[in-house]
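Work through the exercises below with the model open. Each one is followed by a solution in steps.

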Amino acid sequence: MSQTMIQYEGRIAQIVQEDPMLQFLLYAGDNALITGHRCSEWCGHGPILEQDIAISNIALDYIGAARNFYQLASTRIQQKDASLEVTEDTLAYLRDAWDFKNLLLAELPNGDWAQTTLRVYFISSFQWLFYQELIKSTDTDLAAIAEKTLKEVKYHLRWSREWVIRLGDGTEESANRLRQALTFLWPFTGEAFKEASYETAASSTTNIQLANLHESWKQELQEVFAEAGLEVPTQQAFQTGGKTGKHTEYLGYILAEMQFLQRAYPGASW
């Protein structure tokens, strides 16, 4: 990486660090990008053609949402320093792992179909509540993105709900795989409801109150898990750190693949 690129990244990081709303935009965008990338890894590998297409479309929805958040963030970064030519690609491809703010849950490996669909369910059930509140934001640009994204999340939630119930109430094999997925993923679910400092600082603008969302989320899980023959785990000790740039080793592998071309050929365009 050139010295110019390092300085360029450093200036962007400085601007973001000084502005809680920019951090919030990147948090939302990073969640969408990394979740979308993980879903995209199923393209060509789905259990049946219909579901291969479904999860590929879900991946595109998430990546589209990431673009919207990154575009808004890049515009506002340039408003603070007009000398920076920041784009959505800059924020996706030129930040290192410690600059990403996505939930740890999003970056975990896909595992089998049960693990992937349960992860989509956990994330989409949270986002369904999250975006309903974000629509009420006093930031009209942010509210507009939330309104558009919520329509897509409604489908993600319905699709993943159906799979959780189908697998949990299916064969002994499918139910066992879903229980194994729950054991693996559950310790990472609580991070979504642990407020980062930038979320607290931006809450008067975003209208997000995580404590209220958590209660609604737990109720959603109780209803779906009851149909799936699952019990909601009682474990309350959760893995955290993703919101503040402390990630698992899995994110490094994702970024190495996703960012390779842009870093190998800086400034290249189609």
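The exercises concern one helix pair and several salt bridges in this predicted model.

**Exercise 1.** Describe how helix H2 and helix H6 are placed relative to each other.

Solution.
- Step 1: H2 spans residues 20–40 and H6 spans residues 113–134; their axes come within 12 Å and cross at roughly 150°.
- Step 2: Angles over 145 degrees count as roughly antiparallel, so H2 is roughly antiparallel to H6.
- Step 3: The crossing of H2 past H6 is left-handed.
- Step 4: H2 contributes Phe24, Tyr27, Thr35, Arg38 and Cys39 to the contact, and H6 contributes Arg119, Val120, Ile123, Phe126, Phe130 and Leu134.
- Step 5: Sorted by class, these are eight nonpolar, one polar and two charged residues.

**Exercise 2.** Locate the salt bridge of Asp81 with Arg11 and decide whether Asp81 is buried or exposed.

Solution.
- Step 1: The closest N and O atoms of Asp81 and Arg11 are 2.9 Å apart.
- Step 2: Asp81 sits in the loop between H3 and H4, Arg11 in helix H1, and the two are 70 residues apart.
- Step 3: Buried means under 20% relative accessible area; Asp81 has 14%, so Asp81 is buried.
- Step 4: Arg11, at 27%, is partly exposed.

**Exercise 3.** Which parts of the chain does the salt bridge of Arg161 and Glu220 tie together?

Solution.
- Step 1: The N to O distance in this salt bridge is 2.8 Å.
- Step 2: Arg161 lies in helix H7 and Glu220 in helix H10, so the bridge ties together parts 59 residues apart in sequence.
- Step 3: Glu220 is buried at 13% relative accessible area, whereas Arg161 is partly exposed at 29%.

Methods:
Residues are numbered from 1 along each chain as its sequence is written. This is a predicted model: local features need pLDDT of at least 70, side-chain atom pairs count only at pLDDT 80 or more; totals for chains, interfaces and linings use all residues. Side-chain values use heavy atoms; hydrogens and water are left out. Axes are lines fitted to C-alpha atoms, for helices over the stretch in contact, and angles run from 0 to 180 degrees between N-to-C directions. Helices (H or I, at least four residues) and strands (E, at least two) are DSSP runs, numbered from the N terminus. Angles under 35 degrees count as roughly parallel, over 145 as roughly antiparallel, 65 to 115 as roughly perpendicular and the rest as oblique. A crossing is left-handed if the near helix is turned anticlockwise from the far one by less than a right angle, and right-handed if clockwise. Contact means heavy atoms within 4.5 Å. Ala, Val, Leu, Ile, Met, Phe, Trp, Tyr, Cys and Pro count as nonpolar, Asp, Glu, Lys and Arg as charged, and the others, Gly among them, as polar. A salt bridge is a side-chain nitrogen of Lys or Arg within 4 Å of a carboxyl oxygen of Asp or Glu. Buried means under 20% relative accessible area, exposed over 50%, partly exposed in between (1.4 Å probe, protein chains only).
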